[in-house]
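Visitor: Could you take me through the salt bridges in this protein, slowly, and then show me what surrounds them?

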Amino acid sequence: DEMNRIHQILLNTHSFFQTGAIQRWIGSVIDKIEHYKVEHQEVLKEATTLLELALWKANLDINVGGILEQTEVRTTRRQLKRARKEKCVTSGASIVIKNVLPFLKLE
């Protein structure tokens, strides 16, 4: 625990050197905060990708299934591929992510 660490440092440091000890301790805490911010950004990036894929998949399951039901003729792979690509673009993921991301960012 960082608070216990600085407490122990101050107990074992002569008063003349305590200012320097405190400054070094603050520097180490700031370094840790920066490390965790970078780590948070990486996790956030991965979570954003997963959210986008989940939204696309949910939209795809609903809409491509509807395409198959609407067409009485046999649906070709090319038609399915085109429908999947279109749903990727129109899944609404960018709108959802744009509105969710501010709640997850560190600022």
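Guide: Here is the close look you asked for, with a little background before the salt bridges themselves.

This is a predicted model, so local features need pLDDT of at least 70 and side-chain atom pairs count only at pLDDT 80 or more, while totals for chains, interfaces and linings use all residues. Residues are numbered from 1 along each chain as its sequence is written, and side-chain values use heavy atoms, with hydrogens and water left out.

First, the overall layout. The protein has 4 helices and 0 strands, and from the N terminus the order reads α-α-α-α. Helices here are DSSP runs (H or I, at least four residues) and strands likewise (E, at least two), numbered from the N terminus. Of the 107 residues, 16% are buried. The cut-offs for that word and its partners are these: buried is under 20% relative accessible area, exposed is over 50%, and partly exposed is in between, using a 1.4 Å probe and protein chains only.

Now to your salt bridges. Searching the whole structure turns up 3 of them. The term stands for a side-chain nitrogen of Lys or Arg within 4 Å of a carboxyl oxygen of Asp or Glu.

Start with Glu2, whose side chain meets that of Arg5 in a salt bridge at 2.8 Å, N to O. Both residues sit in helix H1 (residues 2-11), 3 residues apart, or about one turn of the helix. Glu2 also pairs with Lys32, and there the closest N and O atoms are 2.5 Å apart. Because Glu2 is in helix H1 and Lys32 is in helix H2, this pair ties together parts that lie 30 residues apart in sequence. Put the two bridges together and you have a network linking Glu2, Arg5 and Lys32.

How covered are these three? Glu2 is partly exposed at 23% relative accessibility. Arg5 is partly exposed too, with 34%, and Lys32 counts as partly exposed at 36%.

Ser28 belongs in this picture as well. That residue is found in helix H2 (residues 18-70), and leaving aside neighbours within four places in sequence, Ser28 is in contact with Glu2 and Arg5. Contact here means heavy atoms within 4.5 Å. With a relative accessible area of 19%, Ser28 is buried.

The remaining bridge to visit joins Lys37 and Glu34, with the closest N and O atoms 3.8 Å apart. These two are 3 residues apart in helix H2, so about one helical turn separates them. Lys37 is partly exposed at 39%, and Glu34 is partly exposed at 42%.

Let's follow helix H2 further along. Lys45 is part of helix H2 and is exposed, with a relative accessible area of 64%. Its C-alpha atom is 9.9 Å from that of Leu101, a residue 56 positions away along the chain. Thr48, also in helix H2, touches Leu101 and Ile97, not counting residues up to four places away in sequence. The side chain of Thr48 also reaches the backbone oxygen of Leu44 at 2.7 Å. A polar contact, for reference, is a pair of N or O atoms within 3.5 Å; within protein, one must be able to donate a hydrogen and the other to accept it, and residues adjacent in sequence count only if both atoms are side-chain atoms.

Contacts like these can be put in a whole-protein setting: among contacts with a separation of 6 or more, 64% are between residues 24 or more positions apart.

One more stop, at helix H4 (residues 93-104), where you will find Val100. Val100 is partly exposed, at 31% relative accessible area. Together with Val96, Phe103 and Leu104, Val100 forms a nonpolar patch on the surface, with about 370 Å² of accessible area in total. Patches are made of residues with over 30% relative accessible area and no salt bridge; like charges are joined within 9 Å, and nonpolar side chains (Val, Leu, Ile, Met, Phe, Trp, Tyr) within 5 Å. The areas come from the Shrake-Rupley method with a 1.4 Å probe, and for residues only the protein chains shown count as cover. For the whole protein, the accessible surface comes to about 9000 Å², and 60% of that belongs to carbon and sulfur atoms.
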